[in-house]
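Morning, everyone. I have one structure to show and a few minutes to walk through it. Here it is.

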Amino acid sequence: MNFDPIDKARPVAEQPLTNAGVDRDSIGVLVREFYARLRGNERLGPIFAREISGNWEPHLEKMTDFWCSVILKSGDYQGRPVPAHLKLKDVTEADFDIWLGIFGETAAELFAPETAAVFLDRAERIAGSLKLAMFLRLPPRLAP
């Protein structure tokens, strides 16, 4: 048997979630319910209201595409989330905890526990990546 340490070190690609009841329609329900709750949140609601005025449907469809790409590996989302979040100057690291709490509660109410756990796991990884992009500041490099 041929053992290649490079192959062992490669991360395994996430697979699409194929659980019964997880499709574009159910993800759309999650997205809409989540954003309804988020808009009512005392801290996050005003931030989103400033960024999305008027018709929310295009944003909700974009987020449905995003989550279908994350969960179903559909390839529907073609956006760039980091630049969109970098422009949000009043968002703090603690806001991600609020976001994750609302998202986790919503997923838990709409899906079976094992399915909700997959949504939350992927949301936590996405939040971690966005926090790194938005808040990580390396110290200036010291001269030799």
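I'll take one helix, then one helix pair, then the salt bridges.

A word first: this is a predicted model.

Start with α6. It covers residues 93-110, so find that stretch on your screen because I'll stay there for a moment. The helix has 18 residues. From first C-alpha to last, α6 reaches 27 Å. The expected figure at 1.5 Å a residue is 26 Å, so the two are close.

Which residues of α6 are buried? The aromatic names on the list are F96, W99 and F103. With them come L100, I102 and A107. D95, G104 and T106 are buried as well. And what covers them? The cover includes α2, residues 24-39, and α3, residues 44-51. It also includes α4, residues 57-71, and α7, residues 113-135.

Two of those covering helices come next, as a pair. α4 and α7 pack with their axes 11 Å apart. The angle between α4 and α7 is about 105°. Angles of 65 to 115 degrees count as roughly perpendicular. So α4 and α7 are roughly perpendicular to each other. On the α4 side, the contact is made by F66, W67, V70 and I71. On the α7 side, it is V118, F119, R122, A123 and I126.

Stop at R122. R122 sits in helix α7. Is R122 buried or exposed? Its relative accessibility is 10%. The cut-off for buried is under 20%, so R122 counts as buried. What lies by its side chain? A polar atom of the R122 side chain is 2.9 Å from the backbone oxygen of V70. Leaving aside neighbours within four places in sequence, R122 is in contact with V70, I71 and K73. R122 also touches E14 and Q15.

Now the salt bridges. How many are there in the model? The count comes to ten. I'll show three.

First on my list, D76 with R24. Their side chains meet in a salt bridge at 3.4 Å, N to O. D76 lies in the loop between α4 and α5, and R24 in helix α2, so the pair ties together parts 52 residues apart in sequence. D76 is partly exposed, with a relative accessible area of 37%. R24 is partly exposed too, at 31%.

Next, E57 with R32. Here the N to O distance is 2.3 Å. E57 is in helix α4 and R32 in helix α2, so this bridge ties together parts 25 residues apart in sequence. E57 has a relative accessible area of 34%, which makes it partly exposed. R32 counts as partly exposed at 29%.

These two bridges belong to a network. Which residues are linked in it? The arginines are R24 and R32. The acids are E57, E61, D65 and D76.

The third bridge stays inside one helix. R125 pairs with D121, the closest N and O atoms being 2.5 Å apart. R125 and D121 are four residues apart in helix α7, so about one helical turn separates them. R125 is partly exposed, with a relative accessible area of 43%. D121 is partly exposed at 33%.

To recap α7. It helps cover the buried residues of α6. It packs against α4 at about 105°. It carries the buried R122. And it holds the R125 and D121 bridge.

That's my tour. Over to you.

Technical notes. Residues are numbered from 1 along each chain as its sequence is written. This is a predicted model: local features need pLDDT of at least 70, side-chain atom pairs count only at pLDDT 80 or more; totals for chains, interfaces and linings use all residues. Side-chain values use heavy atoms; hydrogens and water are left out. Buried means under 20% relative accessible area, exposed over 50%, partly exposed in between (1.4 Å probe, protein chains only). Contact means heavy atoms within 4.5 Å. A salt bridge is a side-chain nitrogen of Lys or Arg within 4 Å of a carboxyl oxygen of Asp or Glu. A polar contact is a pair of N or O atoms within 3.5 Å; within protein, one must be able to donate a hydrogen and the other to accept it, and residues adjacent in sequence count only if both atoms are side-chain atoms. Axes are lines fitted to C-alpha atoms, for helices over the stretch in contact, and angles run from 0 to 180 degrees between N-to-C directions. Angles under 35 degrees count as roughly parallel, over 145 as roughly antiparallel, 65 to 115 as roughly perpendicular and the rest as oblique.
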